[in-house]
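Subject: Structure handover

Hello,

I am passing on the structure we spoke about, with notes on what was found in it. Please look at it first and then read on.

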Amino acid sequence: MRGAQERVRHGTIGSMSPNQPGQAPKLPIPGVRNLIAVGSGKGGVGKTTVAVNLAISLAKLGYKVGLLDADVYGPNVPIMMGISQTPMAHGERIQPLQNFGVKLMSMGFLNPGDKPLIWRGPMLHSVIQQFLRGVDWGELDHLVIDLPPGTGDVQLTLIQTAPITGAIVVTTPSAVSLEDARKAVHMFAQVRVEILGIVENMSYLIVPGTNQKIDVFGSGAGKRTAETMGVNFLGEIALDPEVRIGGDTGKPVATRNQGDPRAEAFLELARNTVARLKAIGPQTGPKIDITD
């Protein structure tokens with residue numbers, strides 16, 4: 001996989017490595033083993049839907065899981081997770097909310113309703129650091145981070161200051177979406193974040209009441225793109241009205257009983273993600289050598 005990562009980096013413009021000389025080391029989040037960034041090159045591909053259902057599925061597999069909604073401009077995690085309380089603070093530590101076995105933090109809890117956030121770089125940096133290090137996450141196996149779409153300030157802040165274990169890029173099979181997904185893959189590769197793989201959302205539609213499969217946005221393009229770029233393909237998620245209904249009503253399909261095909265698709269994604277995390281091995285933090 002290391003060789004694959006090098007293939008992705010080849011031909012890119014410059015280097016944005018966050019650990020260049022003179023920059024502070026990326027200190028670990030106390031108690032958190034793995035930070036999984038979920039991103040996309042563009043909006044509208046179901047990135048948050050994937051992040052929410054992935055987090056729930058990881059919890060169903062027995063892991064201790066948190067979900068950080070870093071999409072501060074469009075924080076939809078509270079709606080999708082069916083919770084709208086205001087987090088409490090103990091001393092200087094914010095206590096995350098919890099639902100479906102997942103610890104949660106989102107700007108949507110602190111700024112509910114339709115009021116927009118018109119923020120620039122320094123304010124974004126501050127709130128992301130507060131969510132990462134000012135929240136009492138406790139012991140977690142996986143902290144899933146739902147990034148905003150694109151390759152902007154929030155992504156760079158996280159990459160520069162937190163030891164991201166790996167990134168998942170969400171796309172649809174359409175050519176327009178895949179063009180932007182490739183940019184997201186290149187961004188993570190440039191900043192030396194391990195790419196766990198690509199997820200193809202809205203891969204196909206099963207006509208209700210039949211077994212007829214319709215490739216609404218094309219067929220197999222996400223997998224072919226992953227193979228071309230030398231990254232892993234983590235799976236396909238169907239375009240299904242039940243997935244949308246689950247998100248809109250705060251009852252994600254991943255919460256459904258074993259055997260439900262919609263829940264099983266996200267469980268398979270969770271298993272593939274865990275397999276990739278095991279394959280790349282544990283993260284190593286900054287080391288200080290003291291010599292005489």
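Why is strand 2 (residues 65-69) largely enclosed by the rest of the structure? The model is predicted, and the answer below is read from its computed accessibilities.

Strand 2 is largely enclosed because five of its five residues are buried, that is, each has under 20% relative accessible area. In a regular strand, side chains point alternately to the two faces of the sheet. In strand 2 both faces are covered. V65, L67 and D69 are buried on one side, and G66 and L68 are buried on the other.

Strand 2 also has pairing partners. It runs parallel to strand 6 (residues 102-106), with five bridges between them. Strand 7 (residues 140-146) is likewise parallel to strand 2 and joined to it by five bridges. G66 can be used to locate both pairings: K103 stands opposite it in strand 6, and L143 stands opposite it in strand 7.

For the chain as a whole, there are 10 helices and 12 strands. Of its 292 residues, 50% are buried. Among contacts with a separation of 6 or more, 77% are between residues 24 or more positions apart. The accessible surface is about 14,100 Å², and carbon and sulfur atoms account for 52% of that surface.

Next, the open and closed spaces. The second largest pocket has a volume of about 360 Å³. It is lined by 23 residues, of which G46, T49, N201, M202 and R244 are the closest to its centre. Helix 2 (47-60) and helix 9 (241-248) are the elements that give two or more residues to this lining. Helix 9 provides the largest share, with five residues. Sorted by class, the pocket lining has nine nonpolar, nine polar and five charged residues.

There is one cavity of 30 Å³ or more in the structure. The largest cavity has a volume of about 50 Å³. Its lining consists of T49, V52, N53, M80, V243, G246, G247, P252 and V253. Helix 2 and helix 9 each give at least two residues to this lining too. By class, the cavity lining has five nonpolar and four polar residues, and no charged ones.

To find the pocket and the cavity in the model, T49 is a useful place to start: it is listed among the residues closest to the pocket centre and also lines the largest cavity.

Regards

Conventions
Residues are numbered from 1 along each chain as its sequence is written. This is a predicted model: local features need pLDDT of at least 70, side-chain atom pairs count only at pLDDT 80 or more; totals for chains, interfaces and linings use all residues. Side-chain values use heavy atoms; hydrogens and water are left out. Buried means under 20% relative accessible area, exposed over 50%, partly exposed in between (1.4 Å probe, protein chains only). Helices (H or I, at least four residues) and strands (E, at least two) are DSSP runs, numbered from the N terminus. Two strands pair if DSSP finds at least two bridges between them. On a 1 Å grid over the protein atoms alone, a cavity is a set of points where a 1.4 Å probe fits but cannot get out, and a pocket is an open set with protein on both sides within 12 Å along at least five of seven lines; lining residues have an atom within 4 Å of a point. Grid points are joined across faces, edges and corners, and a volume is the space filled by probe spheres set on the points. Ala, Val, Leu, Ile, Met, Phe, Trp, Tyr, Cys and Pro count as nonpolar, Asp, Glu, Lys and Arg as charged, and the others, Gly among them, as polar. Contact means heavy atoms within 4.5 Å. Accessible areas come from the Shrake-Rupley method with a 1.4 Å probe; for residues, only the protein chains shown count as cover.
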